[in-house]
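Hi,

Here is the structure I said I would pass on. Have a look at it first, and my notes follow underneath.

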Amino acid sequence: MSTRIAFLKGHGTENDFVIVPDPENVIDLTPAAVAALCDRRAGLGGDGVLHVVRSAAHPEAGDMAAEAEWFMDYRNSDGSIAEMCGNGVRVFARYLQHAGHVAEGDLAIATRGGVKTVHVAKDGDVTVGMGRARLPEGDVTVSVGERSWPARNVNMGNPHAVAFVDDLAHAGRLFDPPPFSPAAAYPDGVNIEFVVDRGPRHVAMRVHERGSGETRSCGTGACAVAVAAARRDGADPTTTGSPATYTVDVPGGRLVITERPDGEIEMTGPAVIVAEGEIDAEWLENVVR
């Protein structure tokens with residue numbers, strides 16, 4: 001590990017990330033190191049870490065290198081590994097543009113959830129092709145205190161339980177994961193979205209992200225919410241033959257989600273780089289001992 005480690009800080013609808021450029025995958029980002037970096041008092045602070053690695057240099061991404069030069073090695077703030085992060089992909093793409101690795105326009109990014117197509121627009125928004133949702137069978141229930149709600153099981157490369165509620169305050173304090181059942185539905189944990197209606201094809205949500213607690217935004221969660229809302233509203237594009245677009249308000253801003261008749265989902269929203277600097281490698285080594 002070098003004596004200084006470059007980093008940047010960015011966010012997408014206030015879902016914030018520490019970005020660690022490491023093209024050749026030489027930095028050992030242990031779970032403890034990630035947790036230290038994401039600590040909001042003793043570290044840099046973030047909902048997760050975007051480890052920027054060339055696909056060919058990472059054992060989990062080598063088979064995607066022909067399609068996508070760069071791999072988003074995403075980690076939750078507790079150091080655990082996640083399959084995908086929609087807001088993270090947008091910020092990852094903004095970093096690649098910021099660093100001069102790509103220009104405005106289309107590119108591909110490898111993730112543990114597969115290769116994602118991305119469009120970086122001149123107006124600052126970034127659109128990500130999020131793939132298709134899977135809708136596992138079976139009833140799911142989520143609870144907060146004495147309240148319980150049925151939830152739609154939606155998988156966006158990572159698992160989600162979407163509950164429609166009367167008031168977002170009913171979600172309570174989302175630092176700790178709300179209970180869900182049956183436990184077998186999500187053996188590795190789940191992101192849980194609580195959703196209210198704001199108008200025609202316009203909803204608002206709060207989310208508990210597994211491994212991070214409540215966050216200001218969740219891109220895959222917004223997609224899962226739009227998919228669940230379309231089914232609830234009788235607007236399933238795979239049935240109607242027409243695209244369904246939902247505006248999804250999150251505490252940190254607004255995302256626009258479109259599901260096409262072929263099942264492909266696109267998410268559009270802002271992505272911002274706010275700072276860059278260097279980490280003292282000795283500090284990082286000491287805090288994780």
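**A buried methionine, and what surrounds it**

Let me start with Met-156, which counts as buried because its relative accessibility is 2%, below the 20% cut-off for that label. Bear in mind that this is a predicted model.

Where does Met-156 sit? You'll find it in the loop between β9 and β10. Leaving aside residues up to four places away in sequence, Met-156 touches Met-130, Ala-133, Thr-220, Cys-223, Ala-224 and Ile-265. Ala-133 is worth a click: it is 23 residues from Met-156 along the chain, yet the two C-alpha atoms are 5.1 Å apart.

Now for the strands on either side of that loop. β9 (residues 147-155) and β10 (residues 159-164) are antiparallel and share four bridges. One pair to look up is Val-154, whose bridge partner in β10 is His-160. These two strands make a hairpin with three residues between them, and Gly-157 there has a positive phi near 95°.

β9 has another antiparallel partner in β8 (residues 140-144), with five bridges joining them. Here Thr-141 is opposite Pro-150 of β9. This is a hairpin as well, with two residues between the strands, and Gly-145 in the turn shows a positive phi of about 60°.

Next, helix α1, which covers residues 31-38. Which of its residues are buried? They are Ala-33, Val-34, Ala-36, Leu-37 and Cys-38. Among the elements covering them are the strands β2 (15-21), β3 (48-54), β4 (70-76) and β18 (272-280), along with helix α5 (281-287).

Finally, the chain as a whole. I count five helices and 18 strands in the protein chain. Its radius of gyration is 18 Å, which agrees with the figure near 19 Å for a compact globule of 289 residues. The C-alpha trace spans about 55 × 40 × 30 Å along its principal axes, and 53% of the residues count as buried. If you take contacts between residues at least 6 apart in sequence, 62% of them join residues at least 24 apart.

As for the surface, about 12,300 Å² is exposed, with carbon and sulfur atoms supplying 48% of that. On charge, there are 26 positive and 41 negative side chains, and the centres of the two sets are 3 Å apart.

Cheers

Key. Residues numbered from 1 in each chain as written. Predicted model: local features only at pLDDT ≥ 70, side-chain atom pairs only at ≥ 80, totals over all residues. Heavy atoms only, no water. Pairing = 2+ DSSP bridges. Rg over C-alpha atoms; globule rule 2.2 N^0.38 Å. Buried < 20%, exposed > 50% of the residue type's maximum accessible area, 1.4 Å probe, protein only. Contact = heavy atoms within 4.5 Å. Areas by Shrake-Rupley, 256 points an atom, 1.4 Å probe, with all protein chains shown as cover. Lys, Arg positive; Asp, Glu negative; His and termini not counted. Charge placed at Lys NZ, Arg CZ, Asp CG, Glu CD.
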